[in-house]
Amino acid sequence: MQEVIVLVFAILNAQTGEVVGPEISKRYFETHQECALFMNEVARKPIVDESYEFRFVTPQGLFFMGGCYNAEEYLKIFK
């Protein structure tokens, strides 16, 4: 059985304090590396660490945090 990797993220608006998430992206990935590459491309810089997690702030003051997880990792963190 092939592993499925999901991108889970939350967003904090630093100006309003509003938090959105955690959300699961509509796109699934075949590997952690594929998910990390996608996030690095979205951020336009390397943001994903060796644990396949990320935190970064946009120029607009949005704080993104999340990671690329398989089912076992997701359940360990979010359940």
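The following legends describe close-up views of a predicted model.

**View 1. The largest pocket and its lining.**
The largest pocket in this predicted model has a volume of about 190 Å³. Its lining comprises 13 residues, and those closest to the pocket centre are Leu7, Phe38, Met39, Val42 and Phe64. At least two lining residues come from each of strand S1 (5-13), strand S2 (19-29), helix H1 (32-43) and strand S3 (53-57). Sorted by class, the lining consists of 10 nonpolar residues, 1 polar residue and 2 charged residues.

**View 2. The largest nonpolar core.**
The largest nonpolar core contains 14 residues. Within this core, the residues that touch the most other members are Leu7, Cys35, Met39, Ile47, Val48, Phe54 and Phe56. Two or more core residues are given by each of S1, H1, S3 and strand S4 (62-69). Helix H1 provides the largest share, with 4 residues.

**View 3. The surroundings of Met39.**
Met39 is shown here with its contacts, leaving aside residues up to four places away in sequence. On that basis, Met39 touches Leu7, Ile47, Val48, Phe54 and Phe56. Met39 also belongs to the group of core residues that touch the most other members. In addition, Met39 is one of the lining residues closest to the centre of the largest pocket. Leu7 is likewise named both among those lining residues and among the core residues that touch the most other members.

**View 4. The disulfide between Cys35 and Cys68.**
The structure holds 1 disulfide, formed by Cys35 and Cys68 with their sulfur atoms 2.1 Å apart. The bond links distant parts of the chain, since Cys35 lies in helix H1 and Cys68 in strand S4, 33 residues apart. The torsion about the S-S bond of Cys35 and Cys68 is about -80°, and the disulfide is therefore left-handed. Both cysteines, Cys35 and Cys68, are buried. Cys35 is also one of the residues that touch the most other members of the largest nonpolar core.

**View 5. The cis peptide bond at Gly21 and Pro22.**
Most peptide bonds are trans. Gly21 and Pro22, in contrast, are joined by a cis peptide bond, with omega about 15°. Pro22 is located in strand S2.

**View 6. Val20 and its contacts.**
Val20 also lies in strand S2. With a relative accessible area of 34%, Val20 is partly exposed, because this value falls between the 20% and 50% limits for buried and exposed residues. Not counting residues up to four places away in sequence, Val20 touches Ala10 and Ile11. Val20 and Phe64 are 44 residues apart along the chain, and their C-alpha atoms are separated by 9.7 Å. Phe64 is among the lining residues closest to the centre of the largest pocket.

**View 7. Positive phi values in the loop between H1 and S3.**
Most residues other than glycine have a negative phi. Arg44, which is not a glycine, nevertheless has a positive phi of about 65°. Arg44 is found in the loop between H1 and S3. With a relative accessible area of 79%, Arg44 is exposed, because the threshold for this class is over 50%. Tyr52 is found in the loop between H1 and S3 as well, and its phi is also positive, near 60°. Tyr52 has a relative accessible area of 23% and is therefore partly exposed.

Methods: Residues are numbered from 1 along each chain as its sequence is written. This is a predicted model: local features need pLDDT of at least 70, side-chain atom pairs count only at pLDDT 80 or more; totals for chains, interfaces and linings use all residues. Side-chain values use heavy atoms; hydrogens and water are left out. On a 1 Å grid over the protein atoms alone, a cavity is a set of points where a 1.4 Å probe fits but cannot get out, and a pocket is an open set with protein on both sides within 12 Å along at least five of seven lines; lining residues have an atom within 4 Å of a point. Grid points are joined across faces, edges and corners, and a volume is the space filled by probe spheres set on the points. Ala, Val, Leu, Ile, Met, Phe, Trp, Tyr, Cys and Pro count as nonpolar, Asp, Glu, Lys and Arg as charged, and the others, Gly among them, as polar. A nonpolar core is a set of buried Ala, Val, Leu, Ile, Met, Phe, Trp, Tyr and Cys residues joined through side-chain atoms within 4.5 Å. Buried means under 20% relative accessible area, exposed over 50%, partly exposed in between (1.4 Å probe, protein chains only). Contact means heavy atoms within 4.5 Å. A disulfide is a pair of cysteine sulfur atoms within 2.5 Å.
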